[in-house]
Amino acid sequence: MAVKYCTGKHNSAAPVRRTQPTRPVLYQQQATAVQDVMQGSAVGTVSRRSSLPANLHSAPADPTAVVTAADTAATGYVTSASIFSFLDSMMLDMAMNNSSSNSFQAYLNRFDTPEQVGGRFRNRFSGQTYATEAQAQARELESLSTRFENIQAYLDAGIRYISNDRTRVTIGSCRDRCSAHPGWGAWTCPERSARAIALCPLFWPATTGEQATMIVHELAHMRYGLDAHNAGNQRQRGRNPECYASYVADLFGFSSASNQCPTV
């Protein structure tokens, strides 16, 4: 996609500048950036090698159009998620109250608070520890922003979509079929080199937003090699691909297609 932006990511060796934008300006920047993304700047990349036959596996007459819309929505959602989470980290750095921020609440609801290790708090995405919970939250949100940015770049490079049901297909080193997992809407192999998503019959009747969260879920599997869906504690949530998808769903006010990352 064409949207690129300078995040000015945090340098732990440099002091935080108090001349950064005030909260109203930050929210205005959020709104403007997300509006740009969602109104035409987001362009999905469905690989030409995709296999999407019409009227098979519960797919509609034009499955490519449906997948393209969901893929494009996923691109906009992860780009927006990167922007929102980074701005939330900036607000914490400036000691601003962001309790009213929908994105900050989505972070708390889906990822919970950072792990406490002794008297310090751990950024689950980098492993570094900090003296206060607020410091760890700021750095987690920045790490989360980077993760969504990397997921966006991974998606931009193209994804092969495979309509699937009873036939076993190979993705990366994994071989499976949708019919073996009746509750799945999509599946992939948790390997960065996989670059393909199998779409199950449950994918097709879902809304575009739900389809996009399925794609975000599978992208997190591939880009970060996440292979579990546990949400019993804080560390597990950081490694659960559905928590990334549910964060996105919360951010845009709709339900995710999965309940594998319940709210805290």
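**A walk through the fold, starting at Q137**

Set aside the neighbours within four places in sequence, and Q137 is in contact (heavy atoms within 4.5 Å) with L92, F104, Y107, L108, T113 and P114. Before going further: this is a predicted model, where local features need pLDDT of at least 70 and side-chain atom pairs count only at pLDDT 80 or more, while totals for chains, interfaces and linings use all residues. Residues are numbered from 1 along each chain as its sequence is written, and side-chain values use heavy atoms, with hydrogens and water left out.

Back to Q137, which lies in helix α4, residues 133–156. Helices here are DSSP runs of H or I with at least four residues, strands are runs of E with at least two, and both are numbered from the N terminus. Is Q137 buried or exposed? Q137 counts as buried because its relative accessibility is 8%; the cut-off for buried is under 20% relative accessible area, with exposed over 50% and partly exposed in between, using a 1.4 Å probe and protein chains only. The C-alpha atoms of Q137 and D93 are separated by 9.6 Å, though the two residues are 44 apart along the chain.

Now zoom out. The protein chain has seven helices and eight strands. Of its 264 residues, 49% count as buried. Take the contacts in the chain with a separation of 6 or more: residues 24 or more positions apart account for 66% of them. As for the surface, the chain exposes about 11800 Å², and carbon and sulfur atoms supply 48% of that; these areas come from the Shrake-Rupley method with a 1.4 Å probe, and for residues only the protein chains shown count as cover.

Helix α7 (residues 241–252) is a good place to look at helix packing. The axes of α3 (residues 102–111) and α7 come within 9 Å and cross at roughly 150°. (An axis is a line fitted to C-alpha atoms, for helices over the stretch in contact, and angles run from 0 to 180 degrees between N-to-C directions.) The crossing of α3 past α7 is right-handed, meaning that the near helix is turned clockwise from the far one by less than a right angle; anticlockwise would be left-handed. On the α3 side, N102, S103, A106, Y107, N109, R110 and F111 take part, and they meet C243, Y244, S246, Y247, D250 and L251 in α7. Sorted by class, the residues of this contact are seven nonpolar, four polar and two charged. For that count, Ala, Val, Leu, Ile, Met, Phe, Trp, Tyr, Cys and Pro are nonpolar, Asp, Glu, Lys and Arg are charged, and the others, Gly among them, are polar.

Helix α5 (residues 208–224) also packs on α7: their axes come within 8 Å and cross at roughly 145°. This crossing is right-handed too. T213, V216, H217, A220 and H221 of α5 make the contact with P241, E242, Y244, A245, V248 and A249 of α7. The tally by class is seven nonpolar, three polar and one charged.

Y247 of α7 turns up again around S85, a residue of helix α2 (residues 63–93). Not counting residues up to four places away in sequence, S85 touches L141, L144, S145 and Y247. S85 counts as buried because its relative accessibility is 0%.

On to the strands, where two strands pair if DSSP finds at least two bridges between them. One open sheet has three strands in the order β1-β2-β3, with antiparallel pairing. Its edge strands are β1 (115–117) and β3 (129–130), each pairing on one side only. Two bridges join β2 (residues 120–122) to β3, and R122 stands opposite T129 in β3.

Another open sheet runs β4-β8-β7, with mixed pairing. Here β4 (160–163) and β7 (186–187) stand at the edges with a single partner strand each, so one side of each is left without a neighbour in the sheet. Four bridges join β4 to β8 (residues 196–199) in parallel; R160 partners A196, and S163 partners L199. β7 and β8 pair in the antiparallel sense over two bridges, with W187 opposite A198. Both faces of β8 are covered: A196 and A198 on one side, I197 and L199 on the other, are all buried.

Last stop: A194, in the loop between β7 and β8. A194 is buried, with a relative accessible area of 11%. Beyond four places in sequence, its contacts are Y154, I171, G172, T188, C189 and M222. A194 and R223 are 29 residues apart in sequence and 9.0 Å apart in space, C-alpha to C-alpha.
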